[in-house]
Amino acid sequence: MSGGGTETPVGCEASPGGGDKKKDSLGTAGSPAHLIIKDLGEIHSRLLDHRPVIQGETRYFVKEFEEKRGLREMRVLENLKNMIHETNEHTLPKCREIMQDDLSQVLQRLQTASDAVCRLQQKEQERKKILNDHLIASEKQHIIQWEDFMKEQHSKQAEVDEEHRKAMERLKEQYAEMEKDLAKFSTF
């Protein structure tokens, strides 16, 4: 069996005294019984003891796996090397040329746009300055007109007040005369 212990062949007994001699009850080593026992031992080990076969298969599998893995890794590394070489030799210079061409165009467009924006800002600032100056002048003019209007209103108010005072005096005089006249008529 496939245990870890020692096996005693069939028909043989271990010596009880622990000696090196084995007692063969079936006879000598060349006897037919001995050959049958030997054949039975071989049949037994072939049928029931699978360790040597499994170990061989395991070694074969590991060897094949490592070889295939090594080949696969070599192919991957070779592909990476080819890809890097192609990138360095072809793709990067082409990208650099395209980028330089496009970048110069982009920079020109950006400069043109920046100049246009600066002109627009300058025009807007000039327009705002003109508008602001106009608003300030208009405000000053309105202030002057308001002050003139207020002076005129004060003078008109003074005139109206004066006319009102004169009209009140005339009315008072008129009523005073009317009272005198009334007093004259009431004495009759």
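## Aromatic pair

Trp 146 has a relative accessibility of 53%, so this residue counts as exposed. In this predicted model, Trp 146 takes part in an aromatic pair with Phe 149. The structure holds one such pair. The ring centres of Trp 146 and Phe 149 are 5.6 Å apart, and the angle between the planes is 35°. The arrangement of the two rings is classed as tilted, because stacked pairs have planes under 30 degrees apart and edge-to-face pairs have planes over 60 degrees apart.

The two aromatic residues belong to helix 2 and are three residues apart, so about one helical turn separates Trp 146 from Phe 149. Phe 149 has a relative accessible area of 37% and is therefore partly exposed, whereas Trp 146 is exposed.

## Fold and overall exposure

The protein contains two helices and two strands. Along the sequence, these elements follow the pattern β-β-α-α. Helix 2 covers residues 51-186.

Of the 188 residues in the protein, 1% are buried. The accessible surface of the protein amounts to about 17800 Å². Carbon and sulfur atoms supply 59% of this exposed area.

## Salt bridges in helix 2

Four salt bridges are counted in the protein. One of the salt bridges links Glu 152 to Lys 156, with the closest N and O atoms 3.0 Å apart. Both of these residues lie in helix 2, where a spacing of four residues places them about one turn of the helix apart. Glu 152 is partly exposed, with a relative accessible area of 38%. Lys 156 is likewise partly exposed, at 40%.

Arg 165 forms a salt bridge with Glu 162, and the closest N and O atoms of this pair are 2.1 Å apart. Arg 165 and Glu 162 are three residues apart in helix 2, so the separation is about one helical turn. Arg 165 also forms a salt bridge with Glu 169, in which the closest N and O atoms are 2.5 Å apart. Here the spacing in helix 2 is four residues, which again means about one helical turn between Glu 169 and Arg 165. Through shared partners, the salt bridges join Glu 162, Arg 165 and Glu 169 into one network.

Each member of the network is partly exposed. The relative accessibility is 31% for Glu 162, 39% for Arg 165 and 38% for Glu 169.

## Nonpolar surface patch

A nonpolar patch on the surface is formed by Met 74, Val 76, Leu 77, Leu 80, Met 83 and Ile 84. Together, these residues have about 600 Å² of accessible area. Met 83, one of the patch residues, is placed in helix 2.

## Cysteines and disulfides

The structure holds zero disulfides. A disulfide is counted where a pair of cysteine sulfur atoms lies within 2.5 Å, so no pair of cysteine sulfur atoms meets this cut-off.

Cys 95 has a relative accessibility of 44% and therefore counts as partly exposed. Cys 118 falls in the partly exposed class as well, at 43%.

Definitions and conventions. Residues are numbered from 1 along each chain as its sequence is written. This is a predicted model: local features need pLDDT of at least 70, side-chain atom pairs count only at pLDDT 80 or more; totals for chains, interfaces and linings use all residues. Side-chain values use heavy atoms; hydrogens and water are left out. Patches are made of residues with over 30% relative accessible area and no salt bridge: like charges are joined within 9 Å, nonpolar side chains (Val, Leu, Ile, Met, Phe, Trp, Tyr) within 5 Å. Accessible areas come from the Shrake-Rupley method with a 1.4 Å probe; for residues, only the protein chains shown count as cover. A salt bridge is a side-chain nitrogen of Lys or Arg within 4 Å of a carboxyl oxygen of Asp or Glu. Buried means under 20% relative accessible area, exposed over 50%, partly exposed in between (1.4 Å probe, protein chains only). Rings of Phe, Tyr and Trp (its six-membered ring) pair if their centres lie within 6.5 Å; planes under 30 degrees apart count as stacked, over 60 as edge-to-face and the rest as tilted.
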